[in-house]
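Below are my notes on the model you sent. The points are numbered so that you can reply to them one by one.

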Amino acid sequence: MADRRDPGTTQQHLSSPANAQPDGQSGETHLTLVAKAIFWLLLLPVGLLLLVRWVLQSGWLQP
């Protein structure tokens, strides 16, 4: 019983995964990396700080 193989559970996938990229598109380009870096390191923190400043000045937190 231990050496019995069930083809549905032990079969390995030999085909390429569905999210594999074709040749020539290996990963992210420099442009997308720069855009992500600008967003995460500059635009997002500045936007959050402006939002906090606006909420504090609007008087929503005052009783």
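**Notes on the predicted model**

1. Tryptophan 40 lies in helix 2. The model is predicted, and the points below should be read with that in mind. Is tryptophan 40 buried or exposed? Its relative accessible area is 55%, and the cut-off for exposed is over 50%, so tryptophan 40 counts as exposed.

2. The ring of tryptophan 40 has a partner next to it in the sequence, phenylalanine 39. The count for the structure is one aromatic pair. Phenylalanine 39 and tryptophan 40 make up this pair, with 5.1 Å from centre to centre and 80° between the planes, an edge-to-face arrangement. Phenylalanine 39 has a relative accessibility of 37% and is therefore classed as partly exposed.

3. Both aromatic residues also belong to a nonpolar patch on the surface. The other members are Val34, Ile38, Leu41, Leu42, Leu43, Val46 and Leu50. Together the residues of the patch have about 910 Å² of accessible area.

4. Where is the kink in helix 2 centred? The centre is phenylalanine 39, and the kink is about 40°. The end-to-end span of the helix can be checked as well. Helix 2 covers residues 30-58, which is 29 residues, and at 1.5 Å a residue these should span 42 Å. The C-alpha atoms at its ends are 40 Å apart, so the span agrees with the expected value.

5. After helix 2 comes glycine 59, with a positive phi near 85°.

6. How many salt bridges does a search of the whole structure find? The search returns one. Side chains of opposite charge can pair when their charged atoms come close. Here glutamate 28 is bridged to lysine 36, and their closest N and O atoms are 2.4 Å apart. The cut-off for a salt bridge is 4 Å. Glutamate 28 has 42% relative accessibility and so counts as partly exposed. Lysine 36, with a relative accessible area of 41%, is partly exposed too.

7. Some totals for the chain complete the list. The protein chain has two helices and zero strands. Of its 63 residues, 0% count as buried, where buried means under 20% relative accessible area. The accessible surface of the chain is about 6,600 Å², and carbon and sulfur atoms account for 64% of this surface.

Note on methods: Residues numbered from 1 in each chain as written. Predicted model: local features only at pLDDT ≥ 70, side-chain atom pairs only at ≥ 80, totals over all residues. Heavy atoms only, no water. Salt bridge = Lys/Arg side-chain N within 4 Å of Asp/Glu carboxyl O. Buried < 20%, exposed > 50% of the residue type's maximum accessible area, 1.4 Å probe, protein only. Helix = DSSP H or I, 4+ residues; strand = E, 2+ residues; numbered from the N terminus. Expected span 1.5 Å × (residues − 1). Bend = angle between axes of the 7 residues up to and from the residue. Phe/Tyr/Trp six-rings, centres within 6.5 Å; stacked < 30°, edge-to-face > 60°. Patch = residues over 30% accessible without salt bridge, like charges linked within 9 Å, V, L, I, M, F, W, Y side chains within 5 Å. Areas by Shrake-Rupley, 256 points an atom, 1.4 Å probe, with all protein chains shown as cover.
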